[in-house]
Amino acid sequence: MDSEKPIELIIAQMKQPNAPPVRPSRDQLEQLIRMGEVITGVDCSGLALAGAALAGGVIEDVSFAGSDLSGADLSQSILHRVNLSGALLKKGALRETVLQKALLTGADLSQADLREVTFSESDLTRAMLQDADLSDAKVLQSRLGGADLNGAGCRKAAFIETDLSAADL
């Protein structure tokens, strides 16, 4: 982990093309978001980020695979080509978040606040969305095959050109 690195070095490494992925601590990640930095080329896979304050972030080409983001606030964020496979986002706040080309296979989004979220060209195969609030959500050209949406609130949600095969509605 790069938790001992000064934040300025982490920013410089994120901006270097073809640099190895940075592995920031939770505190560093939250600080980068507060500073308004675009988070890119970062490896956060497997990190304990429960309750993390990441709202308003712009996050691109980052892996959160297998991370615990339960109760984390990612509201009003932009997540582009983010890997959240197997991540725990239970009771997470993703209101008004845009997820484009995101990988959420097997992610647990149960009881998450997904109001006004946009999933575009994203893969939510086998994702768990039980009791999530998807009110006014837009799911565009995405895959939800085998996803569990039992009890999910989908008031005014739009599923456009989206694969819902074998989804549990």
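Colleague: What do the buried residues of α2 pack against?

Modeller: They pack against α1 (7-15), β1 and β2, where contact means heavy atoms within 4.5 Å. Helices (H or I, at least four residues) and strands (E, at least two) are DSSP runs, numbered from the N terminus. The model is predicted: local features need pLDDT of at least 70 and side-chain atom pairs pLDDT 80 or more, while totals for chains, interfaces and linings use all residues. Residues are numbered from 1 along each chain as its sequence is written, and side-chain values use heavy atoms, without hydrogens and water.

Colleague: Which residues of α2 are called buried?

Modeller: In α2 (residues 26-34) they are Q28, L29, E30, L32 and I33.

Colleague: Why is V98 called partly exposed?

Modeller: Its relative accessibility is 34%. Buried means under 20%, exposed over 50%, and partly exposed in between (1.4 Å probe, protein chains only), so V98 counts as partly exposed. V98 lies in strand β4 (residues 98-100).

Colleague: What makes V98 part of a surface patch?

Modeller: Patch residues have over 30% relative accessible area and no salt bridge (Lys or Arg side-chain nitrogen within 4 Å of an Asp or Glu carboxyl oxygen). Like charges are joined within 9 Å, nonpolar side chains (Val, Leu, Ile, Met, Phe, Trp, Tyr) within 5 Å. V98 forms a nonpolar patch with V38, V58 and I78, of about 270 Å² accessible area together, by the Shrake-Rupley method with a 1.4 Å probe.

Colleague: How do you know that β1 pairs with β2?

Modeller: Pairing requires at least two DSSP bridges, and three join β1 to β2 (residues 58-60), in parallel. V38 stands opposite V58 in β2.
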